[in-house]
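Please look over the sequence and the fold shown below before reading on. The paragraphs that follow begin with the cysteines and then move through the strands, the cores and the whole chain.

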Amino acid sequence: MASLRRLSPRPLQFAGVGGNLMKREGLVSEFPMEDIAVMGVAELLPHLVRIWVRLRQTVTAVMDFRPHVVVTVDAKGFSFRVLRSITDAYRRLGVSRPPLVHYVAPSSWAWKGGENKLKNLADTLDHLLCILPFEAALFKAHGIKATYVGHPVLEDAFTSVATGENPAHCRWWIKGSKSCSRQDFGLQSGSTVVCVLPGSRAQEVKRMLPLFESALDLLADKVPMLTAIIPTAPSHVITDAVTEAVKSWKTPNILLPYASEKDKYSAFAASDVSLCTSGTAVLQLQMARVPTVVAYRAHPLTEWLIKSRTKLHYISLPNILLDSPVIPEALFADCTPQRLFTLLCQVLEDSEVKEQQAKAAEQVLSMLVPPQQSVLESTGSLCSVENVFDWRPSMAAASTILTLLQIDKT
């Protein structure tokens, strides 16, 4: 949204559904984004009625707003239904609909028979913004217009968490001061610090935090002066759930409610290791070069579906891109307190494991940078690419959207 404002020759007005960061850019959300933040088949069932109501509300809001372009972000189950409903609504009115853009391509490449589901996607949207380097070619091969715009995690290098000593284009490394961060958090000298990231969805937090608590209890028996730092997502639902859960923890902990990106990277800088639910946070930890253990549990039905249908051997993106278990993973039935404890000890004690993760981070993050040529092609005459800030993923995404609007008007 900020990059769209920077590039657009005209004033912009936003409407839709979003979280706190989008609200800071001027969005008045139609309803709390948490209402549709549900992942998994079995997990979805109890919320179907509410999500259907929110779907209809979203489509009605779009038709009332009459936008020049509609951009949906991730959440393909909800987003694609919104896009199809918008197309139907405009067809009934007998008028042309605005361009429909989806940001974050569906991971069809990860599932058995996934490419068969791409047949009708070209009729659902006009352009796909891809965040992984191999995706654009895959979707273009199926007749879907797509642009690789780079991974949004790299945006962190351009925020207040980055320093002049570590410019964004330099190895994609947000390097904080360990001693200063520990001092800011009031940590004692010699403390072993674990950054705990239980997830950004309510069902993830509910499922993962008890496992993390038990693993840390085991670790505390072996590691003296153990402390957990827990940044929470900027959501009152998540923050309230984590706050209530950690009240009974035996392991001393520092809670960072509604953590900003700066808070989160300060916590990363202070940490010796991270225990993280699989998700985007894994890449953020790589940006900070924090040795990490990844964990994931879901409803048994969801786990069965994943295991029976996926092509992949790993769940975290760095391991998928490198096709190697560089980051230790504890998944499904293997995700037990004892297993998490064992992996945490391995990462804490083995300097070679830490070094391998650091090297892998540099390799993975360099793969996620938007290619210069695609940025030049998408920006066209909209802006001049003067410095590294114009290579950021949001600039590539925003310029692609604005170029699409220009083409649509001609």
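Cys130 is buried, with a relative accessible area of 0%, where buried stands for under 20% relative accessible area, exposed for over 50% and partly exposed for what lies in between, using a 1.4 Å probe and protein chains only. Cys335 also counts as buried, at 1% relative accessibility. The cysteine sulfur closest to that of Cys335 belongs to Cys276 and is 12 Å away, too far for a bond. A disulfide is a covalent bond between the sulfur atoms of two cysteines. Under the rule used here, which asks for a pair of cysteine sulfur atoms within 2.5 Å, the count of disulfides comes to zero.

The model is a predicted one, in which local features need pLDDT of at least 70 and side-chain atom pairs count only at pLDDT 80 or more, while totals for chains, interfaces and linings use all residues. Residues are numbered from 1 along each chain as its sequence is written, and side-chain values use heavy atoms, with hydrogens and water left out.

A useful place to enter the fold is strand β6, residues 226–231, where helices (H or I, at least four residues) and strands (E, at least two) are DSSP runs numbered from the N terminus. In a regular strand the side chains alternate between the two faces of the sheet. In β6 both faces are covered, since Leu226, Ala228 and Ile230 on one side and Thr227, Ile229 and Pro231 on the other are all buried, and the strand therefore has six of its six residues buried.

Strand β6 has parallel partners in β5 and in β7. It pairs with β5 over four bridges in the parallel sense, pairing being counted if DSSP finds at least two bridges between two strands, and here Val193 stands opposite Thr227 of β6. With β7, the pairing is again parallel and has four bridges, and Ile254 in β7 is the bridge partner of Ile229. From β6 the chain crosses through helix α10 (residues 236–246) to β7 in a right-handed β-α-β crossover, which means that, with the strands pointing away from the viewer, the path from the first strand over the helix to the second runs clockwise. β5, helix α9 (residues 202–222) and β6 likewise make a right-handed β-α-β unit.

Helix α11, residues 261–270, has Lys264, Tyr265, Ala267, Phe268, Ala269 and Ala270 as its buried residues. These buried residues pack against α8 (178–184), β5 (192–197), β6 (226–231), β7 (253–256) and α12 (281–287).

Phe268 of α11 and Ile229 of β6 also appear among the residues that touch the most other members of the largest nonpolar core, together with Leu125, Leu128, Phe139, Met287 and Leu368. Such a core is a set of buried Ala, Val, Leu, Ile, Met, Phe, Trp, Tyr and Cys residues joined through side-chain atoms within 4.5 Å, and this one holds 85 residues. Helix α18 (residues 393–409) gives the most to this core, with eight residues. Apart from this core lies another, of 33 residues, among them Leu211, Leu219, Val246 and Cys345. Leaving aside neighbours within four places in sequence, Met287 is in contact (heavy atoms within 4.5 Å) with residues including Val153, Leu154, Trp172, Trp173, Tyr265 and Leu365.

Some loop residues deserve a separate look. Most residues other than glycine have a negative phi, and most peptide bonds are trans. Arg289, in the loop between α12 and β9 (292–296), has a positive phi of about 60° although it is not a glycine, and this residue is buried, with a relative accessible area of 14%. Asp323, in the loop between α14 (317–322) and β10 (329–331), has a positive phi as well, near 50°, but this residue counts as exposed, at 55% relative accessibility. Ala298 has its place in the loop between β9 and α13 (300–309) and is buried, with a relative accessible area of 3%.

Taken as a whole, the protein chain has 18 helices and ten strands. Its radius of gyration, taken over C-alpha atoms, is 22 Å, close to the 22 Å that the globule rule gives for 410 residues, so the chain is as compact as a globular protein of that length; the rule is 2.2 Å times the number of residues to the power 0.38. The C-alpha atoms fill a box of roughly 70 × 50 × 35 Å along the principal axes, and buried residues make up 50% of the 410 residues.
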